[in-house]
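User: I am new to this structure and would like to learn how to read its features. Where should we begin?

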Amino acid sequence: MTMTSMAEKWVDDAARLTQPSRVTWCDGSKAEYDALIESMVKDGTLLALNPRTYPNCYLHRSHPQDVARTEQLTFICTREREDAGPNNNWMSPAEAKDRAGQYFRGSMRGRTMYVIPYLMGPAGSSMSRAGVMVTDSAYVVASMHLMTRMGSVAFQHMRSADDFIAGLHSIGDLSPDRRLILHFPEENLIWSVGSGYGGNALLGKKCHALRIGSAQARQEGWLAEHMLILGVEDPEGHITYIAAAMPSASGKTNLAMVVSSLPGWRAWTVGDDIAWMHVDAQGQLRATNPERGFFGVAPNTSPKTNPNATAMVRSNTIFTNVALTPSSEPWWEGLTAQAPPGTLDWQGRAWQPGGAPAAHPNSRFTVLADQCPSIAPNWEDPEGVPISALVFGSRRSAVIPLVFEAFDWTHGVFLGSSMSTETTAAITGKVGVVRRDPMAMLPFCGYNMADYFAHWLGMPTRLGKPPRIFRVNWFRRDADGKFLWPGYGENMRVLKWMVERIRGTAHAVESPVGWIPTPSALDTSGLELAPDRLRDVLRFDAGEWREELQDLRPFYGQFGGRLPAVMDEQLAQTLARLGR
Ligand code: OXD
Ligand code: MN
C-alpha cells in the first residue's frame, strides 16, 4: 500500500464511524487558511478584530466548559496497565474504543470532516515526524495551520506507508460528560472527542509531540520534552543553547523570548513549549522544535513582561477567550493597567472592573513562530541546535532557590524527578495546589514514568559530554507574599550565570542539593535589589528541604520495583547530606 492509500483507508474508516456529510483534504495553503477564516467569520465562530491595529487577527470564544486541558479525562491506553504507569490515567484499548466509539458514532453528521496531513518538526529533518488528523472543527484546522507544517510535506517525510500518527478528533457535543482524550502508543493512534480546546484538540501538540512522542522517543533513543529552546548570545556573539522544562503557564513563553536587561546579552527563540532532542554522531545533544507556531497564555503578557510576544500578536493571530475592547482590540489582565470602559469579557458579556477577570485566565494567542522578533535565524535547522544546558523550573513560593546546579547528570535527573509546582489555570481544577510534576512532564509522559527516569539515566552512555543541568524558580516570595526576584528580562542574569558555569568561570557554593551561586556570582549590575532580598532568593534551608522531600519516597514508591534503584539512592544520599 502507498503512503496515501494507507492514510486514505484510515480516513475512510474514520468517516464510516463519524458519518460526516463531506470529507475535505487540506493542503495547508494560505488560500485554504483564508477561506477557513472567512467562513468562520461568516458563521460567527470567529470575530474579526480591529483591521487597522490588529490586521488579520480574530477572536474565538470557546464553550465556557471547554477552556483548558482536562487531565482527568486524558488516558493512556496500553494493553498492560503497568506500561502507562501510576503517572497516567489508564484504560484498556478495547474499553477506550468502546466508550469513545459511542461518542464518535455519527458525531460528524451534517458536518465537514477535514483531513489534515501535518509534519511535526522542520522540513528536511530526520527528527521530524508526520501525522494525519481528521477533525470536524474549522477552528482546529486553522489553528493546525499555525501550529504545524501542513499538506504534502507530511507525506514526504514518512519513512514507510504506515509512518504516521493517526488522530481522530470530533468536538462531539462539547460536553465534559462525553469527553475523552485517548492515546494508543502501541497503535500510533490518538482519539479525542468532546473538546475543541488547544491541548485537547490540536492533536499535533500535547497528544502527538509529547505523549505519543515520548513513548516513541524512548523506543528510538531520543527525548521528547516539555521544554522551550533558546540561544543565549554573549557580548562577543557566542551563542549557548539551553532547553528548559517548566509546567504549563509558568513562564516558558516569556523565557523563550526574553529581552535581556543586561547590555550586550540577548536571547534567540527556537521554541517555547516542546523540544525533540537526539544525540548526533559526535555525541552532542541537539534539539528541534516540532511546532511551527506558539499557543501561548495571554494573561500577564505585556510590553513589560514579554515585548516580543506583544509585538508578534499584532497581526495574523487567533485569540481565544480574551476580552474585547470597544475598539475591537483584544485585552487581557496585565496587558495594560486597566481595560477601557465598555470592554466585554471572554464570554462577550459587559464587564465591570473589580469583578471576575475579563479574559479567561487560560486565554491564548495562536501565531506563527516566524512572527516573533527574537526568532532564531536557525530555528528550523534540520539538524537542530546543540544543547549545552537543561533547566528544570517550577512555580514555588517557598523553599526552592532562584537557581542552582546539579552535581552531575544523574543528580540532575534526580532534581528533575523531584520537581514540584503550584498548579495553574492551564488545566481544569484548583489553581495553586502544590503537586509533584517531574520534569514538568506529569501530564505529558505517555508511558510509565519509572521507565522515563531510566531512559533519562541511560542517556550519558551516548552523550560525549552531557549538558549541565540546572534548577530554577522565579516565583519565590517574601513573608508579605511579594516576589523576591523581579523576573522577566532580569532572568538573563541567571542565564548568564549558567553560561559562565558551563565555561567554568562562575562561582558557586556547594549545598546538599547542588551548587548555588554566591550573591556576587550573579551579575546584578544596574539591578535595584536589596542585598537581603538577593540573599533570600538564593537561600537554602536544610530543614525546609527535609520537609520538601518527605513525600518523595511515597511518590517514588508508587512505581514499585520498576523505579531505577539509582533514584532511591539519590534520595537517600540527599537526605544524608541534609542531616537529621
Ligand atoms: C500548553 C500547556 O498549552 O502546557 O502548552 O498546557
Ligand atoms: Mn505546555
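Analyst: Begin with the backbone in a loop. This is a predicted model. Met439 belongs to the loop that runs between strand 26 (434–436) and helix 12 (449–458). Its phi is positive, about 50°, although Met439 is not a glycine.

User: Where is Leu174 found, and what is its phi?

Analyst: Leu174 is in the loop between strand 9 (165–170) and strand 10 (180–184). Leu174 is not a glycine, yet its phi is positive at about 65°.

User: Next, the ligands. Which residues are around ligand 1?

Analyst: A residue is listed if one of its heavy atoms lies within 4 Å of the ligand. Around ligand 1 these are Arg69, Lys205, Lys206, His226, Ser248, Asp273, Phe295, Arg364, Ala426 and Phe444. Sorted by class, this shell holds 5 charged, 3 nonpolar and 2 polar residues.

User: Which polar side-chain atoms lie at short range from an oxygen atom of ligand 1?

Analyst: Look for pairs of N or O atoms within 3.5 Å. In the side chain of Ser248, an N or O atom is 2.5 Å from an oxygen atom of ligand 1. For Arg364, the corresponding distance from a side-chain N or O atom to a ligand oxygen is 2.9 Å. Arg69 has a polar side-chain atom 3.0 Å from an oxygen atom of ligand 1. Ligand 1 taken alone exposes 210 Å², and the protein buries 96% of that.

User: In which pocket does ligand 1 sit?

Analyst: Ligand 1 sits in the largest pocket.

User: How do I read the metal site, and which atoms coordinate the manganese ion?

Analyst: Find the donor atoms, then trace them back along the chain. The manganese ion (ligand 2) is coordinated by NZ of Lys206, NE2 of His226 and OD of Asp273, at 2.1 to 2.2 Å. Along the chain, these donors follow the spacing K-x19-H-x46-D. Lys206 lies in helix 8 (residues 204–220), while Asp273 is in the loop between strand 15 (266–271) and strand 16 (275–279), so this pair ties together parts that are 67 residues apart in sequence.

User: Which of these donors are also listed around ligand 1?

Analyst: Lys206, His226 and Asp273 appear in both lists.

Note on methods:
Residues are numbered from 1 along each chain as its sequence is written. Chains are lettered from A and ligands numbered from 1 in the order in which they are written. This is a predicted model: local features need pLDDT of at least 70, side-chain atom pairs count only at pLDDT 80 or more; totals for chains, interfaces and linings use all residues. Side-chain values use heavy atoms; hydrogens and water are left out. A polar contact is a pair of N or O atoms within 3.5 Å; within protein, one must be able to donate a hydrogen and the other to accept it, and residues adjacent in sequence count only if both atoms are side-chain atoms. Accessible areas come from the Shrake-Rupley method with a 1.4 Å probe; for residues, only the protein chains shown count as cover. On a 1 Å grid over the protein atoms alone, a cavity is a set of points where a 1.4 Å probe fits but cannot get out, and a pocket is an open set with protein on both sides within 12 Å along at least five of seven lines; lining residues have an atom within 4 Å of a point. A molecule sits in a cavity or pocket if more than half of its atoms lie within 2 Å of its grid points. Ala, Val, Leu, Ile, Met, Phe, Trp, Tyr, Cys and Pro count as nonpolar, Asp, Glu, Lys and Arg as charged, and the others, Gly among them, as polar. Donors are N, O and S atoms within 2.8 Å of the metal (3.2 Å for Na, K and Ca); water is not among the atoms, so sites may look incomplete. Helices (H or I, at least four residues) and strands (E, at least two) are DSSP runs, numbered from the N terminus.
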